[in-house]
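I opened this notebook to look up two things in turn, the empty spaces and the packing of helices. I begin with the spaces and then go on to the helix pairs.

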Amino acid sequence: WSKIKQKKGAEDAKKSILYGKAAQDILAAARNGGSPILEENSMLATAVRRAKDAGVPKENIENALLKALLQAFKSKNDSGQAVSYEAMMHGSVGIIIECRTNNINRTISNVREILNRHGARQAPVKFMFRQRGYLKIALDPSDIEDLFNAAESTQCAFDFDEWEDDFSGSRGIELACSPDEVFKLEDGLRQYIQQNASAEILVREVRWAPLEAQGSTDDEKDSVSNLVEALEEDEDVTRVSTSLQYSSLLGST
C-alpha cells in the first residue's frame, strides 16, 4: 500500500505541474495574443488545444480562460495597476507574485493570507532572479536551422534550446534574450513564421528566471506547488514565479 500511495503521490505531483503550466500558457497567450476570446486569438486557441491534448481537465481550462477574461477586462478599462510581491518559503525558496489590482490593500491582504496559510512569509527575494525575454515556438525540427538564421538576422543577443512535449508530441525551439529585445526578436521572426505553416509562436513574455538551480525535497516541492495554485486562484494574481523553476536556458549568463 505504501508503494501504491507513493506512486499515486508522484503522479498527482506531475499532474499538478502539468495543469499549472497549461494555465500559465493560456494566460500568457491571452495577454500576448491580444484577446481572451478564442476565435480572435490564434495563440490562445493553440494553447487551449495543447492543454486538451495533454489531458488537462475541461474545468481547469475553463477556469484559466475565465481568469484571462477578467484580466483583459481590467486592463482594457485601466482599472488596475501592475504590482509585485516577494515571499520566502522553507527558508530558501524565493517566490515572486505578479498582480494587477484596482485595490492594493485588498490584494496585499489576500496575498498575505494565502502566504500565511501555507507557511510562507513576505521577504526580499528578487536577488535570486533576473528578468529574461522568452519566446516558445512550435516548429518542425527540420526547420529549426532556418528559424535560427532568421533570429540571428535581428542582431539580438539570444540563447536557444530545443523542446519536446511528451504528452502532445509537439516540438520546437525556445529563445531567451534581454527583456528589452523580446519584441524586436519576435518581430524579426514574424515574417519567417508567417511563411511556414507548421510554425507558431506559443508564448512571448518577460519572465522572472531563477539564477541558480535549487535542491529541494519532494515534500517541499509539493507544498510550494500548493501555494502557487492557491495564489493563482486569486483573480488579482497574473503570474507566480519560484526559485524552484530553474531553466538552464533562462538562467544562463
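I looked first at the second largest pocket of this predicted model, and by class I found twelve nonpolar, eight polar and seven charged residues in its lining. I noted a volume of about 610 Å³ for this pocket, and I listed 27 lining residues, of which R31, Q71, A82, R100 and T238 lie nearest its centre. I then asked which elements give two or more residues to that lining, and I wrote down helix 1 (2-32), helix 3 (58-76), strand 1 (81-89), strand 2 (93-101), helix 6, strand 7 and strand 8 (237-242). Helix 3 provides the largest share of the lining, with five residues.

Next I turned to enclosed space, and with a threshold of 30 Å³ or more I counted one cavity. I recorded a volume of about 40 Å³ for the largest cavity, and its lining consists of D25, A47, R50, K136, L202 and V203. When I sorted these lining residues by class, I had three nonpolar, no polar and three charged. I also checked where they come from, and helix 2 (42-53) and strand 7 (200-210) each supply at least two of them.

I then moved to the helix pairs, for which I wanted both an angle and a distance, because two packed helices are described by the angle between their axes and the distance between the axes.

For helix 4 (residues 104-117) and helix 7 (residues 218-232), I noted that the axes come within 10 Å and cross at roughly 160 degrees. Since angles over 145 degrees count as roughly antiparallel, I entered this pair as roughly antiparallel. The crossing in which helix 4 passes helix 7 is right-handed. I looked up the residues that meet, and they are V111, I114 and L115 in helix 4 with L227, A230 and L231 in helix 7; by class, this contact has six nonpolar, no polar and no charged residues.

For helix 5 (residues 144-152) and helix 6 (residues 182-194), I noted axes that come within 8 Å and cross at roughly 140 degrees. How are these two helices oriented to each other? Their angle is not over 145 degrees, the cut-off for roughly antiparallel, and I therefore entered helix 5 and helix 6 as oblique to each other. Here too I wrote down the handedness, and helix 5 passes helix 6 in a right-handed crossing. On the side of helix 5 the contact involves D146, L147, A150 and A151, and on the side of helix 6 I found L185, G188, L189, Y192 and I193. I closed the entry with the classes of these contact residues, which are seven nonpolar, one polar and one charged.

Terms used:
Residues are numbered from 1 along each chain as its sequence is written. This is a predicted model: local features need pLDDT of at least 70, side-chain atom pairs count only at pLDDT 80 or more; totals for chains, interfaces and linings use all residues. Side-chain values use heavy atoms; hydrogens and water are left out. Axes are lines fitted to C-alpha atoms, for helices over the stretch in contact, and angles run from 0 to 180 degrees between N-to-C directions. Helices (H or I, at least four residues) and strands (E, at least two) are DSSP runs, numbered from the N terminus. Angles under 35 degrees count as roughly parallel, over 145 as roughly antiparallel, 65 to 115 as roughly perpendicular and the rest as oblique. A crossing is left-handed if the near helix is turned anticlockwise from the far one by less than a right angle, and right-handed if clockwise. Contact means heavy atoms within 4.5 Å. Ala, Val, Leu, Ile, Met, Phe, Trp, Tyr, Cys and Pro count as nonpolar, Asp, Glu, Lys and Arg as charged, and the others, Gly among them, as polar. On a 1 Å grid over the protein atoms alone, a cavity is a set of points where a 1.4 Å probe fits but cannot get out, and a pocket is an open set with protein on both sides within 12 Å along at least five of seven lines; lining residues have an atom within 4 Å of a point. Grid points are joined across faces, edges and corners, and a volume is the space filled by probe spheres set on the points.
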